[in-house]
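Please look over the sequence and the structure shown here before reading on.

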Amino acid sequence: MVKTNLNQCPVCDRELVIREYECLRCHTKINGYFRQDKFSKLTQEEKDFIEIFVMKRGSIKEIEKELGISYPTVRNKLDQVIKALGHKVEKDQSKIEVLNLLANGEITSEEATAMLEELSEVTE
């Protein structure tokens with residue numbers, strides 16, 4: 001039975017390392033201490049979102065359609081992935097982006113208001 005990679009200890013929540021790899025065909029084993037990449041730390045939901053993001057070539061409008069969610073929700077999911085990968089989400093830049101999207105007619109005023117409120121809550 002193949003199990004999904006664990007990246008945290010279920011007892012103490014510390015990072016786990018991989019000690020052994022084995023080829024399923026020839027059974028060659030490679031032993032050592034192998035750290036997992038930062039993508040292995042993402043939840044399955046975040047990985048699924050990244051897959052859709054790539055398939056839709058980063059088009060937030062297309063992601064909205066695929067997932068049946070609003071623009072602010074897509075942005076929030078993207079921000080969560082950015083944070084999970086260990087990067088900082090620049091909220092001031094995000095406010096400018098929201099205003100640009102509104103000015104370009106890509107989002108409604110209601111969506112812009114909701115997005116700006118969410119950004120304000122995060123920075124307070």
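A student and a tutor now discuss salt bridges and helix packing.

Tutor: This is a predicted model, in which local features need pLDDT of at least 70 and side-chain atom pairs count only at pLDDT 80 or more, while totals for chains, interfaces and linings use all residues. Residues are numbered from 1 along each chain as its sequence is written, and side-chain values use heavy atoms, with hydrogens and water left out.

Student: How many salt bridges does the count come to?

Tutor: A salt bridge is a side-chain nitrogen of Lys or Arg within 4 Å of a carboxyl oxygen of Asp or Glu. By this rule the count comes to 6.

Student: Which residue meets K61 in a salt bridge, and how are the two placed along their helix?

Tutor: Helices (H or I, at least four residues) and strands (E, at least two) are DSSP runs, numbered from the N terminus. In helix α2, residues 60-67, the two partners are 3 residues apart and so separated by about one helical turn. The side chain that meets K61, at 3.9 Å from N to O, is that of E64.

Student: Is E64 buried or exposed?

Tutor: Buried means under 20% relative accessible area, exposed over 50%, and partly exposed in between (1.4 Å probe, protein chains only). K61 has 37% relative accessibility and counts as partly exposed. E64 has 13%, so E64 counts as buried.

Student: Is K65, the salt-bridge partner of E62, buried or exposed?

Tutor: E62 and K65 also lie in helix α2, 3 residues apart, and their side chains meet at 3.5 Å, N to O. E62 is partly exposed at 33%. K65 has a relative accessible area of 62%, and is therefore exposed.

Student: How many residues apart in sequence are the parts that E97 and R75 tie together?

Tutor: The side chains of E97 and R75 meet in a salt bridge of 2.8 Å, N to O. E97 lies in helix α4 (residues 91-103) and R75 in helix α3 (residues 71-84), so the pair ties together parts that are apart in sequence by 22 residues.

Student: Which word describes how α1 and α2 lie to each other?

Tutor: Axes are lines fitted to C-alpha atoms, for helices over the stretch in contact, and angles run from 0 to 180 degrees between N-to-C directions. Helix α1 (residues 44-55) and α2 pack at about 125°, with axes 9 Å apart. Angles under 35 degrees count as roughly parallel, over 145 as roughly antiparallel, 65 to 115 as roughly perpendicular and the rest as oblique. The two helices are therefore oblique.
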